[in-house]
Amino acid sequence: MSGVAESFGIRALGGYLPLLRLDRKTASRELAWSGLPMPRMGARAVADWDEDALTMAVEAARPLCGDSAPSALRFASTSAYFTDRAQSGIALDALAMPRTVRTADAANSRRAATSALLDALLSARDEIVTAGEQRPTQPGSAAQLAFGDGAAAVRTGPDAPARLVGHASLSHDLVDRYASRDHPVSYSYEERFVRDIAVAEVLVPVVRAACAAAGITPGQLAHAAVHEPVSGCWRAAAKVLGCAAPNHCEAVSDNAGDLGAAHALFGLGLALDPAKAGDFVLLLGFGSGADAMVFEVARPVLGAATMGAALKEGQLLASFSRFLSLTGSVELDWGMRAEFEQKAQATVLERVGRDMIGFVGGRDSTGSVQFPKSAFPVNPALSQVEVMEDVRLADLEATIVSITADRLNFSPDPPFDFGLVQFDNGARVLMEMVNRPAEGFRVGDRVRMRLRIKAQNRRLGFRTYFWKAAPLVRPVQGEG
Amino acid sequence: MAKGIRDKVAIIGMGCTRFGERWDVGADGLMVEAFVEALADAGIERARIEAAWVGNALDDINVGNSALPAAHALRLDKVPVTRVENMCATGTEALRGAAYAVASGAVDIALAIGVEKLKDTGYGGLPLRTKGMQNDLWMPYGSAPGTFAQLAGAYAARHGIAAGDLKRAMAHVSWKSHQNGALSPKAHLRGAVDMDKILNAPLIADPLGLFDCCGVSDGAAAAIVTTPEIARALGKADPVTIKAIQLSASNGWEMQFGAWDGASVPNTRVAAARAYAEAGLRDPRAELDMTEVHDCFSITELVIMEDLGLSEEGRAPNDILDGRYDAGGAIPCQLDGGLKCFGHPVGASGLRMAYEVYTQLQGRAGERQRSKVDFGLTHNLGGSPFNSVAAVAILGRLN
């Protein structure tokens, strides 16, 4: 391949799914009376009320940050909350990266992430591409059950275990589905039409071109991560291409749902995980055309197993109405306490926002850590003003000191679990808890930190983000 | 330690409105009710008030900032009026301001008045905070029951008490206050409630059920203070005097520095120790005849009994179940029903507590009257167990 360093490719992957799952049978049973055609098999991942495309993309990217900052952080989504505020910039602060790291947002297409990844690979730079998706859907639509919420991230770089050996892109304004300012939920066209055109006009030619660039035939592909616009596309295309590689994105669709811009990258983890040295792996992002990339695997890719692990985890949503509420499909009357709105001030965000979203506390001259920082340390052994050393708490575990499940104040998904959390380095922080275990939280439980929406001002259309404490281990589906 | 203000300030008049859902009256009317009663009790004219401290805690929705709402409502002409706020310790804070003014000799007669008009929010519980400053970027916005509920788990963990046993002791706290509230004509909640109903009430914040939580009310209470000499000159032969007022505030260590297990409220302990010293009480368990404490939640009262040193560590549940703090017990707590049943208009509560002790000290408490009351203690707790302002006052008689 010309223009790309020989060993350049994918160095590591990260995947994130929200804990909650909706068994599609639950929904189809609820809607059986309507006669609407609904997917019945498998489950979809459902974001908690305080998760969005950004928080999930940050979670996916966290394992990729390592000891050195990348040269760029790219965020991709078709469902980002802000339309004039770079999500990548917020993610940069949440990941506590230096401000000198370049940031870019990619949007408006399900293949935004693969296009961003291809750009990173072709520029031969060490970058993180992270994609998150939480797309709004309409009750009764097949998309509501077919889509899922989740995120996937990739770090590129030299000396990669999966190097890019060929690629091709094709632009084709095939309107298989769309969302717009006036129709924010996905509108889809007939599947048979989409399948026929997508296979013949997009998938087959772009895969052929990528394989040709890699100097292989499609039949040499061992694994594929193909984001299908509708199911069955890869089966049809593979037949034409003479390719037997399984499409690992199907497992994502079945068990978590179509993750939009994150779908192909999530499937890539599943495809790379079982790949052996010498295997060729296809990545295909679809949306208004396609990007196809062929990787040659030299050794295991760090983090590829996280996708498979995330698919196995999950807590089933027993209530369809809770699902409708979490997805914003119904608006319950939560009473006057829900009228509460808190305005975040830009001046305050400018002063302390980076410490807040980065969860950065301070270490005093005795070594004790506190959050937030203060001029006079909270440590009673100290009596003078001092400048504290930054300490990031987001990646540390802690222990619950006190806890309650609050049912009075408004929460979109009650109860509101919160309490004091003690970090091993001395910091003690009053925190919200998420991913409530079946038996509830208990004093002494160990917790880890997750980025979440802190506050949502619906009237002003603004969100703030902070970290919340979650159990260290998630239940595997069917076990809790 | 400084000598303090023991017996330097006499209370010559007090007033307290009926607490509750006062749809009939606003904050100004509440202040007028309490003030008129206090003036009549003191036997002085309004013009004798030389300075005033008005306490209200939740300025966004009810009374309003500054001296002006009180100055207008009471038509205090050119009087130096100061508005104070210290969360749930606000009422005692107002009394502290007025008492210090008299004790310093700055004025002869001062007014302390606390008021809150909470039932205009349209919902139960305390009003919500909407300003959105730095703390709101990270601090969970739990409710008041949510913050105090956490005392229960921590207390049970420290003392190895089974959750069910603790819950029964907490229920007795509420049961007792309902019994007392039924005898309190100005109380918000005047119905007795049985233990089963308390124990089986819906959860508000684990493990606090509905009956573990105090009422949120409208109300006002006022005290007129002066020197013992002027009190005598006004015909108060053995006036009620302030033996101590002490306050202690968190500097953040409980919630930011890992040295506290969450099973007690350190500020209460500090304020109480200072107050006992100021009042000259060496054995408060034997010397105190009654307490009015900040029972915003049943678990709070339980923990306060140990924080005030009235129960041994880990023994408050036993003492409570043994009736030590019931109306007929050794040190009755909340003879007027407490926050639980008299109600909790935040800025007024500290002065409402003083009103009950003042009334008992003068033998004017009717059906609730204790046979012997020489010393009574009031306790306010603002904020949350992990970030609090605690105020302790002790009242007695001059002679």
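Which residue in β7(B) does C16(B) stand opposite? In this predicted model, the residue facing C16(B) is A221(B). To see how that pair fits in, let's look at the two strands that hold it. Strand β1 of chain B covers residues 10-16, and its partner β7 of chain B covers residues 218-226. The two run antiparallel to each other, paired over 6 bridges. Helix α1 of chain B, made of residues 27-42, packs on the sheet here, where it touches β1 and β7 as well as β4 (109-117) of chain B. The direction of this helix makes about 140 degrees with that of β1(B).

Now step back to the whole sheet. It is an open sheet of 9 strands in chain B, and you can trace it in the order β3-β2-β4-β7-β1-β8-β11-β10-β9. The pairing is mixed. At the edges you will find β3 (81-84) and β9 (290-292) of chain B; each has a single partner strand, so one side of each is left without a neighbour in the sheet. From one strand to the next, the twist averages 25 degrees.

Finally, let's turn to where chain B meets chain A. Chain B brings 35 residues to this contact, and chain A brings 40 residues. On the chain B side, the elements that give two or more residues are α4 (144-159), β5 (203-205) and α8 (253-256). The most comes from α4(B), with 7 residues. Sorted by class, the side of chain B that touches chain A holds 19 nonpolar, 14 polar and 2 charged residues.

Key. Residues are numbered from 1 along each chain as its sequence is written. Chains are lettered from A and ligands numbered from 1 in the order in which they are written. This is a predicted model: local features need pLDDT of at least 70, side-chain atom pairs count only at pLDDT 80 or more; totals for chains, interfaces and linings use all residues. Two strands pair if DSSP finds at least two bridges between them. Helices (H or I, at least four residues) and strands (E, at least two) are DSSP runs, numbered from the N terminus. Axes are lines fitted to C-alpha atoms, for helices over the stretch in contact, and angles run from 0 to 180 degrees between N-to-C directions. Two residues are in contact if their C-beta atoms, placed from the backbone, lie within 7 Å. Ala, Val, Leu, Ile, Met, Phe, Trp, Tyr, Cys and Pro count as nonpolar, Asp, Glu, Lys and Arg as charged, and the others, Gly among them, as polar.
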